[in-house]
Amino acid sequence: MGEETVAAPDEATFRAALVALMPALRGYGRALSGSVAAADELVQETLLRALSSERRMTEVGELRAWVFTILRHAWLSGLRAGRRLTPLEEGMEGVAGPTDSLALDDLARAMRTLPAPQREAVVLMGAQGMSATEAAQICGVPEGTMRARLSRARSALRRALEPRLRTPPGV
C-alpha cells in the first residue's frame, strides 16, 4: 500500500474552516483565560498565527486540533510572559436566569479548584466534544493521560457539586 498525498486546502476552504471554528476557539480561550476579553485576544492571536502558517496545513481535517494547539501555546506564552488573567466569573453576568446562574456559579467555583490540566481535559473533551486522541494531541500528552485527567476532573467536580445536586430547587 502506498502512502497517499493530500493536497493542501485552497485559501477559501481554509479560511471558511477557520471562521467555523471561531466559536469553539472562543469557548476554549475563555475556559483557559477566564475572561471574554482575554479569550478574544487569544482567538485573534491564534487566527493570525494560523493564517501566517497556512501553507503548513495539509488537510482541513487536521485543522481543528492544529488551531486549538496554537491557541493553547498562545495562552501558555502569555502565562510565561506574566500577563494578568481575570477571574473566571468576570463577564458571566446575564448568561442565564437567576436559578441557572447559581448552578453556573457553583460550576465555575468547582472548575477553579481543578488543576489546569484537568480543567483543560473537561473543556476539550466535555465542552468541545473532542476525542481523547484530539485532546491529547493538543496538550502534547498520551491519550491515556487525557482520559485519566478527565476521569479525575469529573470525580472532583462530582464531589464538589454533590451537596448542590442533593438540595431540591428553591430550598
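## Where helix 5 meets helix 6

Let's start with the spot where two helices touch. On the helix 5 side, the residues involved are E120, L124 and M125. Their partners in helix 6 are A132, A135, I138 and C139. Keep in mind that this is a predicted model.

What kinds of residues make up this contact of helix 5 with helix 6: nonpolar, polar or charged? Six are nonpolar, one is charged and no polar ones take part. The charged one is E120, because Glu counts as charged.

## How the two helices cross

Helix 5 covers residues 116-127, and helix 6 covers residues 132-139. Their axes come within 9 Å of each other and cross at roughly 135°. So helix 5 sits oblique to helix 6. Why oblique and not roughly antiparallel? That second label is kept for angles over 145 degrees, so a crossing at roughly 135° misses it.

The crossing also has a hand: helix 5 passes helix 6 in a right-handed way.

## Zooming out to the whole chain

What else is in the chain? Count up the secondary structure and you get seven helices and zero strands. Read from the N terminus, the order is simply α-α-α-α-α-α-α.

## Inside and outside

The chain has 171 residues, and 38% of them count as buried. On the outside, the chain exposes about 10,200 Å², with carbon and sulfur atoms supplying 55% of that area.

Now for contacts along the sequence. Take those between residues at least 6 apart: 67% of them join residues at least 24 apart.

Conventions:
Residues are numbered from 1 along each chain as its sequence is written. This is a predicted model: local features need pLDDT of at least 70, side-chain atom pairs count only at pLDDT 80 or more; totals for chains, interfaces and linings use all residues. Side-chain values use heavy atoms; hydrogens and water are left out. Helices (H or I, at least four residues) and strands (E, at least two) are DSSP runs, numbered from the N terminus. Buried means under 20% relative accessible area, exposed over 50%, partly exposed in between (1.4 Å probe, protein chains only). Contact means heavy atoms within 4.5 Å. Accessible areas come from the Shrake-Rupley method with a 1.4 Å probe; for residues, only the protein chains shown count as cover. Axes are lines fitted to C-alpha atoms, for helices over the stretch in contact, and angles run from 0 to 180 degrees between N-to-C directions. Angles under 35 degrees count as roughly parallel, over 145 as roughly antiparallel, 65 to 115 as roughly perpendicular and the rest as oblique. A crossing is left-handed if the near helix is turned anticlockwise from the far one by less than a right angle, and right-handed if clockwise.
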